Amino acid sequence: AIARLPLYLAQVGVGSSLVVTALVASSVMGEPLRPQHWVAVVAMALGLGVLAVAAGSVGTSEFSTTTTVVLYVVLAANALLGWLAWRSRSNLGAVALGVLAGTAYGGSPVATRALVHPALDAHTIAPALTIGLFGGLGFLLYSAAMKRGAVTAATAPVVLLSTVIPAAVGLAAFGDDVRAGWWPPAVVAFVVSVAAGVVLCGVESRLDLLEEPEEG
C-alpha cells in the first residue's frame, strides 16, 4: 500500500481497521454500539472514499543521508523520552507513553518508504533497519501505556499520531500529491477520518474490558 498510495491514504486505510473492530463488537460479541460509534463508522467510510478519489501521485521513495539521520535521531529521542515517561509515576507519564507510542508507530511507515524501490546500498538498508525498531518501540510503549492508564487514553494518541505523522511527512518530505482542485475535500476527509478513528477507540476499550467467560 505504501508503494502504490500516498502515505496519508495508506495510513487512513490502516486506521479503518477500527471499523472492523466496531462491527465485530456489534455483530459477534453482542456489544451494542453507541450512536457516536455508528456515526464514526459512517464518517470513516465516507472519509476514506473521498481520500481515495482525491489522492494524487505518489512522491519519491529515495532517502537522503539527512533524512536517514533524522529517522535515527527521532528513534533515539523517542526511546529516551519513553524511558523517562515510564519512570515517571504521574498521570502525565501515562499520557506521554501513549503519545510516544503513536510517534514510534508513525515512524515505521515512513521508514517503509525506503523499500518501494530497494537496492543493496546504504540509502535503502539504513532507513529500512528502523522499520522494526520503530515498530518494536511503539509496541513496548503502547503496552506500557495500557498498563498505566485507560485503554482509550492510550489508544487515541496512537491512532492520531500514527496517521498524522506519516501523512505530514509524505506531503512535506516525499512530495505525495493531491489531485488538482481536491485539496479542501481531501483535508476535510482526512480530519474526519482521523477524528472518527479516535472516537472508535472507545469500542476497543469496551471490548478489552469484557470479562472472559468462566469455564464450567
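Student: Why is the crossing of H1 and H3 called left-handed?

Tutor: A crossing is left-handed if the near helix is turned anticlockwise from the far one by less than a right angle, and right-handed if clockwise; in this predicted model, the crossing of H1 and H3 meets the left-handed condition. The helices themselves are DSSP runs of H or I with at least four residues, numbered from the N terminus.

Student: What makes H1 roughly antiparallel to H3, and how far apart are their axes?

Tutor: The two axes are 10 Å apart and pack at an angle of about 160°, where axes are lines fitted to C-alpha atoms over the stretch in contact and angles run from 0 to 180 degrees between N-to-C directions. Angles under 35 degrees count as roughly parallel, over 145 as roughly antiparallel, 65 to 115 as roughly perpendicular and the rest as oblique, so H1 is roughly antiparallel to H3. Tyr8, Leu9, Val12, Gly13 and Gly15 of H1 make the contact with Met44, Leu48, Leu51, Ala52 and Ala54 of H3, contact meaning heavy atoms within 4.5 Å.

Student: Why, then, is H2 called oblique to H3?

Tutor: The axes of H2 and H3 come within 10 Å and cross at roughly 140°, which makes H2 oblique to H3. This crossing is also left-handed, and in it Val19, Ala22, Leu23 and Ser26 of H2 meet Trp38, Val41 and Met44 of H3.

Student: How do you know that Val58 is partly exposed?

Tutor: Its relative accessible area is 29%, and buried means under 20%, exposed over 50% and partly exposed in between, with a 1.4 Å probe and protein chains only; therefore Val58 is partly exposed. Val58 lies in the loop between H3 and H4, and, leaving aside neighbours within four places in sequence, is in contact with residues including Ile2, Pro6, Arg113 and Asp176.

Student: How do you know that H7 reaches close to the expected span?

Tutor: The expected span is 1.5 Å times one less than the number of residues; for the 24 residues of H7 this gives 34 Å, and H7 reaches 33 Å from its first C-alpha to its last. Just after H7, Gly175 takes a positive phi of about 80°.

Student: Which conventions apply to these values?

Tutor: Residues are numbered from 1 along each chain as its sequence is written, and side-chain values use heavy atoms, leaving out hydrogens and water. As the model is predicted, local features need pLDDT of at least 70 and side-chain atom pairs count only at pLDDT 80 or more, while totals for chains, interfaces and linings use all residues.

Methods: Helix = DSSP H or I, 4+ residues; strand = E, 2+ residues; numbered from the N terminus.
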